[in-house]
Amino acid sequence: VVSVVVNYHRSATAAEEVVKAVRGAGGEADAMGADVSDDTQVRGLMDAVQKRHGRLDYLINNAGWSTRVPHAEMEALTDEIWEKTLRTNLHGPFSCVRAAAALLRESPGGAIVNIASMAAIHGRGSSMVYAASKGGLLTMTRSLARVFAPAVRVNAVAPGLIRTGFAGWGEDQCVAVENITPLRRLPTVEDIAETALFLAMKARSITGETVWVDGGFSRLGA
């Protein structure tokens, strides 16, 4: 039986919906609250996972935060936005990996999947610091893959724009990007989940890699 721990910060209702879906599919699931930008809370989360389940096979670092700041408006990119973005998007995954390292190394076939963004290589996206945080996450993915090999595989998924409303992207922007994407289709949440699942559970000979799930935008261009 698959057991899933769904971490949340403020979205308790959404986390419980995921828990219900997992249980409805025959699995086991729990929702646990922790702010990944807070190392104390992260270590508490991993302690709770160990006490309840005794093991951790796969870690998916999916937490992210951003607010839209035009890249040319550098004065609008305040220290508060800069620090919150980096603490959530870059320090957060590192903190989770560090706290989970011992558990993951004890699990045969353990894996880490970091959720990045196509902004990591385009220098675009909701803000300059958001792009920088995701670029840093890709570099850190490769560093972690070296550190954890051969016991634990570490890979990343880099999604394109998705219709989730993240960072305030509206339908007009989604349509504009979709129209210049080679596949003329934006990725979905399900696309990202399936790719992360593949990297975690199936990709036994892949580590240090980034899979671009953006309809060909990053590799083929607009």
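Strands, in this tour, are DSSP runs of E at least two residues long, numbered from the N terminus. The model on your screen is predicted, and the stops below move from a strand to the helices and then to the loops.

**Strand β2 and D30**

Select residues 28-33, which form strand β2, and pick out D30 within that strand. Since buried means under 20% relative accessible area, D30, with a relative accessible area of 13%, is buried. If you now display the surroundings of D30 and set aside residues up to four places away in sequence, you will find that D30 touches V4, V5, V6, V19, R23, R52 and H53. One of these, V6, is 24 residues from D30 along the chain, and the C-alpha atoms of the two are separated by 6.1 Å.

**Helices α2 and α3**

Next select helix α2, residues 39-53, together with α3; their axes come within 9 Å and cross at roughly 30°. Angles under 35 degrees count as roughly parallel, and α2 and α3 are therefore roughly parallel to each other, in a crossing that is right-handed. To see the contact itself, show D39, V42, R43, M46 and Q50 on the α2 side, which meet S95, C96, R98, A99, A100 and L103 on the α3 side. By character, the residues of this contact between α2 and α3 divide into 6 nonpolar, 2 polar and 3 charged.

**Helices α3 and α5**

Keep α3 (residues 79-106) selected and add α5 (residues 128-148), whose axis comes within 9 Å of that of α3, the two crossing at roughly 15°. These two helices are therefore also roughly parallel to each other, and α3 passes α5 in a right-handed crossing. On the α3 side, show I81, W82, T85, L86, N89, L90, P93, F94, V97, A101 and R105; on the α5 side, the residues they meet are V129, Y130, S133, K134, G136, L137, M140, L144, V147 and F148. The residues of this contact of α3 with α5 divide into 15 nonpolar, 4 polar and 2 charged.

**Two cysteines**

Are C96 and C174 buried or exposed? C96, which you have already met in the contact of α3 with α2, counts as buried at 5% relative accessibility, and C174 likewise counts as buried, at 2%. A search for disulfides will return nothing, as the structure holds 0 of them.

**Backbone features in two loops**

Most residues other than glycine have a negative phi, and most peptide bonds are trans. With that in mind, go to P150, in the loop between α5 and β5 (153-159), where the peptide bond from A149 to P150 is cis, with omega near 5°. Then move to R184, in the loop between α6 (171-179) and α7 (189-201), which has a positive phi of about 50° although R184 is not a glycine.

**The loop between β5 and α6**

Finish in the loop between β5 and α6, where you can select T164 and G168. T164 is partly exposed, with a relative accessible area of 48%, whereas G168, at 51%, is exposed. Drawing C-alpha to C-alpha lines from each will show how sequence separation and spatial separation can be read together: G168 and S66 are 102 residues apart in sequence and 9.1 Å apart in space, while T164 and I112, 52 residues apart along the chain, have C-alpha atoms separated by 24 Å.

Definitions and conventions
Residues numbered from 1 in each chain as written. Predicted model: local features only at pLDDT ≥ 70, side-chain atom pairs only at ≥ 80, totals over all residues. Heavy atoms only, no water. Axes fitted to C-alpha atoms, helices over the stretch in contact; angles between N-to-C directions. Helix = DSSP H or I, 4+ residues; strand = E, 2+ residues; numbered from the N terminus. Parallel < 35°, antiparallel > 145°, perpendicular 65-115°, else oblique. Left-handed = near helix turned anticlockwise from the far one by under 90°. Contact = heavy atoms within 4.5 Å. Nonpolar A, V, L, I, M, F, W, Y, C, P; charged D, E, K, R; others polar. Disulfide = S-S within 2.5 Å. Buried < 20%, exposed > 50% of the residue type's maximum accessible area, 1.4 Å probe, protein only.
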